[in-house]
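Dear colleague,

I am handing over the structure we spoke about, and you will find it just below. Please open it beside this message, and then read on for what was found in it.

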Amino acid sequence: MSTTIPLKDLRSQEREAELATFVRAAAQRSQPEGPVEDTRGRPLADLRISVTDRCNFRCVYCMPKDVFGRDHAFLPHAALLTFEEITRVARVFVDLGVRKIRLTGGEPLLRRRIEHLVEMLRAISDEIDLTLTTNGALLARKAADLKAAGLSRITVSLDSLDDATFRAMNDVDFPVASVLEGIDAAAAAGLVPLKVNMVVKRGANDDSIVPMARHFRGTGHIVRFIEYMDVGATNGWRMDDVVPAGEIIARIAATMPLVPVDPHYRGEVAERWRYADDSGEIGVIASVTQAFCHDCTRARLSTEGRLFTCLFANEGFDLRELVRGGHDDEALRRAIVAIWRQRSDRYSELRTAQTAKSAKIEMSYIGG
Ligand code: SAM
Ligand code: SF4
Ligand code: SF4
């Protein structure tokens, strides 16, 4: 009996093969000297590493339960890059100019002995800004070890201070109080300045914007309000659900006047604001209404070692094959340079009805 392979799978298999050929060829070809910049002149400056595709939350905008149910097939352990493999790839990125590494997922604190990975990455260089984004559920017990291992700072996601709203958004009935404990533990451990990420979804948690700003004002922690994005194919995104950054700022400034602050560096995604009375700072990440692709300097390494050059990319370059195939660091370096130099992504700038419909990778897999 013959098995028919659907055309779509055939096409994606062909495309996979094409990409693999590109990576293997690039690994063997010496690359011209000069800056590692993409086709739009954007340097390779940041690396986000997803250390697991699993999560203990089921945030409605990221891993909705009807898609990530009990029978969802997560990656088998053998598919994941090991800590040694991650560190090796990261070292090559640092040699190429990356100065900022962020660990993410899925939920990075679910990866066993994650602090050991932090220690290994810190050993690459004292200079790199080494950070991690977490939902905070396991942070209270991990914060001190992460700091001791060499983590520079931390970002904690928290979508509301209202318990019922937060439990509904994480969809696993997880309480606000435990995340706040994690935030306190991280601050006590010295993982500062600490950032708090709040994804704003209209009708779900937008009434938490002002209370959130008020709660963290004066603490030294920086709340960053994130426009709800159309990442992946599963969150049923609609433009109507987005609260534009301009509206977020206006709502806060109505009672707590704000003044704009200049960006720290090229590629900073958050637009910064400080309270006029100097009681602190907030940020808005306007990925939907004010795309920042022109300054996007981020590469993303997925849990199984694929390199994505855009959060919205629907295909990644398999570096794991090189790592496990006996290639040396020079080969890895060549491949990464070639991948970055052919990069032209600017999805958010081009967001159109057509591109929004195309098949996309889930954020929990690629690393947010
Ligand atoms: N589990 C960790 C956490 O939640 O912090 C790290 C991974 S999570 C994918 C990284 C960040 O992406 C979080 O701050 C999360 O709120 C944000 N995020 C996830 N889905 C999003 C979406 N559809 N739009 C905007 N931000 C999103
Ligand atoms: Fe998990 Fe973070 Fe996605 Fe929420 S946003 S489901 S915590 S990976
Ligand atoms: Fe960068 Fe892609 Fe986001 Fe544009 S859409 S800012 S290129 S990750």
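**Ligand 1 and its surroundings**

A polar backbone atom of Met229 lies 2.9 Å from a nitrogen atom of ligand 1. Taken alone, ligand 1 exposes 550 Å², and the protein buries 95% of that. Please keep in mind while you read that this is a predicted model.

Two side chains also make polar contacts with ligand 1: an N or O atom in the side chain of Ser157 is 2.6 Å from an oxygen atom of the ligand, and a polar side-chain atom of Asn197 lies 3.2 Å from an oxygen atom of ligand 1. There are 19 residues around ligand 1, and those that come nearest are Gly106, Thr133, Ser157, Val199 and Met229. Sorted by character, this shell holds seven nonpolar, 10 polar and two charged residues. Which strands each supply at least two residues of the shell around ligand 1? They are β3 (129–134), β5 (195–200) and β6 (222–227).

**The sheet**

The strands just named belong to an open sheet of 12 strands with mixed pairing, and its order is β7-β8-β9-β6-β5-β4-β3-β2-β1-β10-β11-β12. At its edges are β7 (258–261) and β12 (317–318), each of which pairs on one side only. At the β7 edge, this strand pairs with β8 (residues 271–275) in the antiparallel sense over four bridges, and Leu258 has Tyr275 in β8 as its bridge partner.

Further along the order you will come to β10 (residues 298–301), where Arg298 and Arg300 point one way while Ala299 and Leu301 point the other way, and all of them are buried. In a regular strand the side chains alternate between the two faces of the sheet, which is why such a pattern is worth looking for. On one side, β10 pairs with β1 (residues 46–50) in the parallel sense over four bridges, and Arg300 is the bridge partner of Arg48. β10 is also joined by two bridges to β11 (residues 306–308), and these two strands run antiparallel; here Arg300 stands opposite Phe308. β10 and β11 form a hairpin with four residues between them, and Gly305 in the turn has a positive phi of about 85°.

**Ligand 3**

Arg300 appears once more around ligand 3, in a shell that also includes Phe292, Cys293, Cys296, Cys310, Leu311, Phe312, Arg343, Asp345, Tyr347 and Ser348. Seven residues of this shell are nonpolar, one is polar and three are charged.

**Two residues in helices**

Is Asn170, which is found in helix α5 (residues 163–170), buried or exposed? Asn170 has a relative accessible area of 1%, and because this is under the 20% cut-off, the residue counts as buried. A polar atom of the Asn170 side chain lies 3.2 Å from the backbone nitrogen of Asp173. Leaving aside residues up to four places away in sequence, Asn170 touches Phe57, Arg58 and Cys59.

The other residue is Val210, which lies in helix α7 (residues 209–216). Val210 and Thr255 are 45 residues apart in sequence, and their C-alpha atoms are 8.7 Å apart in space. With residues up to four places away in sequence again left out, Val210 touches Thr255 along with Arg251, Ile252 and Met256.

With best wishes

Methods
Residues numbered from 1 in each chain as written. Chains lettered and ligands numbered in written order. Predicted model: local features only at pLDDT ≥ 70, side-chain atom pairs only at ≥ 80, totals over all residues. Heavy atoms only, no water. Near = heavy atom within 4 Å. Nonpolar A, V, L, I, M, F, W, Y, C, P; charged D, E, K, R; others polar. Buried < 20%, exposed > 50% of the residue type's maximum accessible area, 1.4 Å probe, protein only. Polar contact = N/O pair within 3.5 Å; in protein donor to acceptor, adjacent residues only side chain to side chain. Contact = heavy atoms within 4.5 Å. Areas by Shrake-Rupley, 256 points an atom, 1.4 Å probe, with all protein chains shown as cover. Pairing = 2+ DSSP bridges.
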